[in-house]
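Grab a coffee and let's work through some disulfide exercises. Each one has a task and then a stepwise solution.

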Amino acid sequence: QVQLVESGGGSVQAGGSLRLSCAASPVTYRPYCMGWFRQTPGKEREGVATFDTYGRTTYADSVKGRFTISRDNIKNTLILQMNGLKPADTAMYYCAAEGNCSFTYGTYWGQGTQDAVSS
């Protein structure tokens, strides 16, 4: 059974940094695409960044230049390095994996990790 387990969330002040990790299991599960999404109460979940098997990345305009997504293929882990955090980045962050980067069907989701950025 596929599992995605996020870690690294927490509370920081504006301008600070957080590093999120998503460990995928079993180790034989190597999805074509993985990504980070976030959601705040009352709003729809939004895409933050994606990383495909060829190393191609996409970012939401709101995080470009501040967030970096990467993938450790040895550890089968997805990383999101978040720098220059703003209060608007406060959200529950979810890791996702799928056979393509549409994340519309057959997506696996982690349980989420909460980030809070204070001004």
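**Exercise 1.** Which pattern do the disulfides of the protein chain follow, with bonded cysteines counted along the chain?

*Solution.* This is a predicted model, where local features need pLDDT of at least 70, side-chain atom pairs count only at pLDDT 80 or more, and totals for chains, interfaces and linings use all residues. Residues are numbered from 1 along each chain as its sequence is written, and side-chain values use heavy atoms, with hydrogens and water left out. A disulfide here is a pair of cysteine sulfur atoms within 2.5 Å. The structure has 2 of them, and their pattern is 1-3, 2-4.

**Exercise 2.** Work out the geometry and setting of the link between cysteine 22 and cysteine 95.

*Solution.*
1. The two sulfur atoms sit 2.0 Å apart.
2. The S-S torsion is about -75°, so this disulfide is left-handed.
3. Cysteine 22 is in strand 3 (residues 18-25) and cysteine 95 in strand 9 (residues 91-98), 73 residues apart; strands are DSSP runs of E, at least two residues, numbered from the N terminus.
4. Cysteine 22 and cysteine 95 are both buried, meaning under 20% relative accessible area, whereas exposed is over 50% and partly exposed in between (1.4 Å probe, protein chains only).

**Exercise 3.** Do the same for cysteine 33 and cysteine 101.

*Solution.*
1. Their S to S distance is 1.9 Å.
2. The angle about the S-S bond is 100°, a right-handed link.
3. Cysteine 33 belongs to strand 4 (residues 33-39) and cysteine 101 to the loop between strand 9 and strand 10 (108-109), so the pair ties together parts 68 residues apart in sequence.
4. Cysteine 33 is buried at 0% relative accessible area, while cysteine 101 is partly exposed at 35%.

Definitions and conventions:
Helices (H or I, at least four residues) and strands (E, at least two) are DSSP runs, numbered from the N terminus.
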